[in-house]
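I opened this notebook page to record what I looked up in the structure, going from one residue outward to the whole chain.

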Amino acid sequence: MSNVYRYLKEIYRAYEDGIPLVGPTQISKALNVSKSTAHHMLKNMASMGYGIYMERKGFMLNEKGMEMARKIMRKHRIIESFLVSTFSMSACQACEEAGRIDGCIGDEIVEMMEKRFNYTTCPCGKEIPK
Ligand SMILES: [Zn+2]
């Protein structure tokens, strides 16, 4: 599942940048995996019901996939914000650490962090999805 989260975050980042279709090349660069690994994972994600995969075009999130992507990105960015504001971590280190726990941390603790600190953007200035 943690792998799916890594992919969902990357696809969501592309979507935020105005790129609705994400191909294996882009994913392989961002996640440092081979193009064939990225290709297989995107196809798997389509069969898991997160979106559609069009050969030679790319993957596009559907409603379920987008909801999952927003949820994981929300957690990721709240954790990042928490690490930076609480421990003065660099944004880069916070991103790496957040990536290790965003897929397994409970919803409640993340909402507690958010309520306590009222973060609206992540340390890089990107919006925290609702
Ligand atoms: Zn990050």
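**Core, then overall form**

I began with Leu42, and in this predicted model I found that Leu42 touches Pro24, Ile27, Tyr53 and Phe59, leaving aside residues up to four places away in sequence. I then noted a second, separate core of 11 residues, whose members include Ile79, Leu83, Ala98 and Tyr119.

Turning to the largest nonpolar core, I listed 20 residues, of which Leu8, Ile11, Leu42 and Ala69 touch the most other members. I traced at least two residues of this core to each of α1 (2-16), α3 (35-47), β2 (58-61) and α4 (63-87), and I recorded that α1 gives the largest share, six residues.

For a position of another kind I looked up Thr86, which sits in helix α4. I entered Thr86 as exposed because 12 other C-beta atoms lie within 10 Å, and exposed residues are those with 12 or fewer. Between Thr86 and Ile11 I noted 75 residues in sequence and, from C-alpha to C-alpha, 28 Å in space.

For the protein chain as a whole I recorded six helices and two strands, which follow the order α-α-α-β-β-α-α-α from the N terminus. The C-alpha trace spans about 45 × 25 × 25 Å along its principal axes. I compared the radius of gyration of the protein chain, 15 Å, with the value near 14 Å for a compact globule of 130 residues, and the two agree. I closed with two percentages: buried residues make up 35% of the 130 residues, and, among contacts with a separation of 6 or more, 53% join residues 24 or more positions apart.

Notes. Residues are numbered from 1 along each chain as its sequence is written. This is a predicted model: local features need pLDDT of at least 70, side-chain atom pairs count only at pLDDT 80 or more; totals for chains, interfaces and linings use all residues. A nonpolar core is a set of buried Ala, Val, Leu, Ile, Met, Phe, Trp, Tyr and Cys residues joined through C-beta atoms within 7 Å. Helices (H or I, at least four residues) and strands (E, at least two) are DSSP runs, numbered from the N terminus. Two residues are in contact if their C-beta atoms, placed from the backbone, lie within 7 Å. The radius of gyration is taken over C-alpha atoms; the globule rule is 2.2 Å times the number of residues to the power 0.38.
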